[in-house]
Amino acid sequence: MSAILSPPANAPEVRFEPLTLFRLDDVLDVECSAYSHPWTRGNFTDAMASGYQAQLLMAGDQLLGYFVAMMGVDEVHLLNITVAPAFQKQGWARVLLDALALWARGRGAQWLWLEVRVSNERALHVYQAHGFRRVGERKRYYPAPAGQREDAVVMSLPL
Ligand SMILES: CC(C)(COP(=O)(O)OP(=O)(O)OC[C@H]1O[C@@H](n2cnc3c(N)ncnc32)[C@H](O)[C@@H]1OP(=O)(O)O)[C@@H](O)C(=O)NCCC(=O)NCCS
């Protein structure tokens with residue numbers, strides 16, 4: 001863990017733990033505060049039921065962020081990565097992406113893949129800084145306000 005990161009005051013430890021129903025309300029609170037079109041409770045329980053890798057980054061009982069990823073044949077698809085708004089711009093996304101890459105390598109994956117909204121400049125910046133490269137676009141992939149759709153940028157990272 002880098003010394004420049006600043007966990008909440010008096011946090012006993014920063015650690016990962018798997019998503020369970022016990023923490024799902026906390027995850028939904030963060031999810032709804034972080035996205036215009038958040039995942040639903042059903043999206044998360046489906047992910048758990050499907051055996052996807054869903055890890056929470058915790059500081060004591062404080063949820064800092066989480067990721068959800070799906071194993072493919074020789075690649076891992078990142079489905080959700082979120083840092084709680086109060087802890088954004090402190091470098092936690094890198095911690096989440098490093099943990100994801102470590103798990104994916106351990107499963108024998110050769111690539112990480114993800115989609116991101118074309119308008120999500122902050123996430124695009126974070127992924128590029130982490131070594132992801134743009135490999136394509138998916139037209140009208142995401143829901144957008146007023147019944148519109150938004151394109152996705154597809155990015156990948158060799159492991
Ligand atoms: C995207 C997200 C995961 C990044 O997490 P984070 O912990 O805040 O990220 P970091 O602290 O590592 O870094 C943020 C970086 O973006 C930069 N940044 C901030 N706003 C930016 C903007 N509008 N355009 C470009 N870069 C921006 C910061 O300067 C920082 O860059 P640096 O590391 O070079 O200083 C987080 O903002 C988040 O959860 N957003 C809402 C959910 C989301 O969009 N998830 C991704 C879906 S694909």
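This dialogue walks through the ligand site and the pocket around it.

Visitor: What kind of model is this?

Guide: This is a predicted model, where local features need pLDDT of at least 70, side-chain atom pairs count only at pLDDT 80 or more, and totals for chains, interfaces and linings use all residues. Residues are numbered from 1 along each chain as its sequence is written, and side-chain values use heavy atoms, with hydrogens and water left out.

Visitor: Which residues come nearest to the ligand?

Guide: A residue is near a molecule if one of its heavy atoms lies within 4 Å of it. Here 20 residues surround the ligand, and Val83, Lys89, Gly91, Asn120 and His125 come nearest. Helix H4 (121-129) gives the largest share of this shell, six residues. Strand E4 (75-83), helix H3 (92-106) and strand E5 (111-117) are among the other elements that each supply at least two. Helices (H or I, at least four residues) and strands (E, at least two) are DSSP runs, numbered from the N terminus.

Visitor: Where are the polar contacts to an oxygen atom of the ligand?

Guide: A polar contact is a pair of N or O atoms within 3.5 Å. A polar side-chain atom of Asn120 lies 2.7 Å from a ligand oxygen. For the side chain of Gln88, an N or O atom is 3.5 Å from an oxygen of the ligand. Trp92 uses a polar backbone atom, also at 3.5 Å from a ligand oxygen.

Visitor: Where does the ligand sit?

Guide: Rolling a probe the size of a water molecule over the atoms shows where empty space is left. A pocket is an open set of points on a 1 Å grid over the protein atoms alone, where a 1.4 Å probe fits, with protein on both sides within 12 Å along at least five of seven lines; lining residues have an atom within 4 Å of a point. The ligand sits in the largest pocket, meaning more than half of its atoms lie within 2 Å of the grid points.

Visitor: Which residues are closest to the centre of that pocket?

Guide: Of 42 lining residues, Tyr35, Ile81, Asn120, Ala123 and Tyr127 are closest to the centre. E4 gives the most to the lining, seven residues.

Methods. A polar contact is a pair of N or O atoms within 3.5 Å; within protein, one must be able to donate a hydrogen and the other to accept it, and residues adjacent in sequence count only if both atoms are side-chain atoms.
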